[in-house]
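Welcome, and thanks for taking a look at this one with us. Below is a short briefing, arranged by topic.

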Amino acid sequence: MRVISLVSAAFAIAAGVIVLLGYFFPDQLGTLRVLLLDWAVIIAGVAVLVGIFNLAAVQMEKFRLGQKGGTYGLLLVISLLITFGVGLILEPANPYGQLYMQIAINGIIVPVEASLMAILAVTLIYASIRLLRRRVDVMSVVFLIVAVLFLILIMPTPFGPLLGDRANQAMVDFLRTFSGGGARGLLIGIALGTLLTGLRVLFGVDRPYGGN
Amino acid sequence: MLALSLLVLSAILLVGFTFWRRRTPASFRLIGAYERLNRSVGLAVENGTRLHISLGRGSLLTARGGSALAGLAMLRRLAERTSVSDRPPIVTSGDASLSILSQDTLQSGYRAAGAEEQYRFTTGRLTGLTPFSYAAGVLSTIHDENISANIVIGDLGTESALLAEASDRENTSLIAASDDLSAQSVFFASSQDPLIGEELFAAGAYVGAGASHEASLHVQDILRWLIILAILLGSLLKIVGAPI
């Protein structure tokens with residue numbers, strides 16, 4: 001077991017180092033980097049099938065144990081099997097296959113996602129209203145004021161921009177200076193965090209692929 | 001050349017600080033969310049409830065995978081700490097590769113704690129492959145699985161508002177961080193102790209994942225100061241009209 005985990009770690013680290021160095025030395029390692037990334041894409045494709053099996057297994061277990069929402073789980077697995085079967089049996093060019101997929105996407109997936117989007121809009125407004133009840137500090141007040149001000153400034157009205165074209169744009173640019181600077185600061189911090197996390201994985205200190 | 005130099009410098013600093021931190025453990029500033037996280041872990045074990053850890057939907061084939069890897073490092077430690085619990089934590093994700101890695105990480109955590117028989121592969125779940133299907137799958141976990149704390153760390157978008165709302169409705173703790181700016185603003189508005197920016201990557205250090213995580217924070221601080229100095233120097237040169 002230990003030997004397997006050491007070998008898998010060695011392979012993972014070597015692949016990571018080659019891909020990373022391939023960015024800096026494309027002439028020497030570029031081809032190998034592309035090959036390794038192609039393999040990674042194939043493995044990720046297979047991982048989707050494994051993931052869907054996991055999803056179906058979780059839903060079936062819910063149904064088997066009579067847990068809350070188990071019936072919905074069964075419905076999900078049946079829909080999944082039908083869609084998967086139709087996709088396998090009927091080729092993408094087949095008109096019946098295309099019709100089924102159109103019905104599945106335009107009749108089920110799009111309306112459901114649109115409904116969730118609508119719920120999301122209400123949820124966001126509700127969360128903003130409750131922000132000051134949850135936490136009263138300077139940053140929360142500034143956050144709310146800027147958000148409301150920005151929404152008012154970009155709000156379409158029958159009379160055009162509320163403060164007039166130039167004043168409105170100047171105000172938006174003024175607010176954008178601060179929000180843009182803040183966003184860049186946050187992104188720099190995230191980039192540094194990502195860099196160090198990647199290095200830990202390359203050094204084999206963090207081994208998310210198991211055996212650690 | 002600059003990028004490669006920065007990478008080599010970071011690697012050298014990381015190795016150096018890791019050895020240093022093994023001898024002298026660090027003390028960190030207080031971050032409310034991580035204090036609550038450590039309390040929630042203890043409470044979940046004591047009162048027989050579950051932790052729910054959501055790793056987002058950051059694909060490991062893109063730059064968004066960094067936050068997912070940070071979440072996995074934290075998960076490894078949490079799995080070890082909760083291995084004595086009757087109810088193992090549930091891990092959800094919106095990317096297939098990430099869900100497989102979360103299962104591996106859970107198993108490694110239990111194995112390290114000597115409780116590998118506790119591991120069930122259905123506790124590491126793929127809930128959906130699109131933002132809203134992922135969120136919809138996570139919602140049922142938050143509502144139906146006797147959860148006492150939700151730890152959401154990874155790459156998410158505005159759909160995170162649905163997760164925060166569900167957590168609030170169930171009156172459970174929410175510890176949330178994301179590398180996405182829109183999700184950060186959502187969490188700022190809907191979480192008690194929001195984690196902002198690179199605080200996401202401090203999760204491992206604050207749950208006791210080891211010297212290398214503590215060293216990472218030191219290296220991030222050093223690199224941040226270097227970037228600040230570079231920005232100031234660049235501004236100064238621009239002001240005096242030097243060609244840059």
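How many of the residues of S1(B) are buried? The count is 7 of the 7, so S1(B) is largely enclosed by the rest of the structure; buried here means that 20 or more other C-beta atoms, placed from the backbone, lie within 10 Å of the residue's own. Please keep in mind that this is a predicted model, where local features need pLDDT of at least 70, side-chain atom pairs count only at pLDDT 80 or more, and totals for chains, interfaces and linings use all residues. Residues are numbered from 1 along each chain as its sequence is written, with chains lettered from A and ligands numbered from 1 in the order in which they are written.

**The sheet of chain B**

- Five strands, ordered S3-S2-S1-S4-S5, make an open sheet with parallel pairing in chain B; strands (E, at least two residues) and helices (H or I, at least four) are DSSP runs numbered from the N terminus, and two strands pair if DSSP finds at least two bridges between them.
- S3(B) and S5(B) (173-178) are at the edges with a single partner strand each, so one side of each has no neighbour in the sheet.
- From one strand to the next, the twist averages 15°, with axes fitted as lines to C-alpha atoms, for helices over the stretch in contact, and angles from 0 to 180 degrees between N-to-C directions.

**Strand partners**

- S1(B) is joined to S4(B) by 6 bridges, and Gly56(B) has Asp155(B) in S4(B) as its bridge partner.
- Between S1(B) and S2(B) there are 3 bridges, again parallel, and His52(B) stands opposite Ile90(B) in S2(B).
- S2(B) (90-93) pairs with S3(B) over 3 bridges, where Thr92(B) has Arg125(B) as its bridge partner.

**Helices on the sheet**

- H4(B) lies across S1, S2 and S3 of chain B, at about 175° to S3(B).
- H5(B) touches S1, S2 and S4 of chain B, and its direction makes about 165° with that of S2(B); contact means C-beta atoms, placed from the backbone, within 7 Å.

**Where the chains meet**

- Chain B gives 55 residues to the contact and chain A gives 50.
- H4(B) supplies the largest share of the chain B side, 9 residues.
- That side of chain B has 29 nonpolar, 17 polar and 9 charged residues, with Ala, Val, Leu, Ile, Met, Phe, Trp, Tyr, Cys and Pro counted as nonpolar, Asp, Glu, Lys and Arg as charged, and the others, Gly among them, as polar.

Notes
Two residues are in contact if their C-beta atoms, placed from the backbone, lie within 7 Å. A residue is buried if 20 or more other C-beta atoms lie within 10 Å of its own, exposed if 12 or fewer, and partly exposed in between; C-beta atoms are placed from the backbone.
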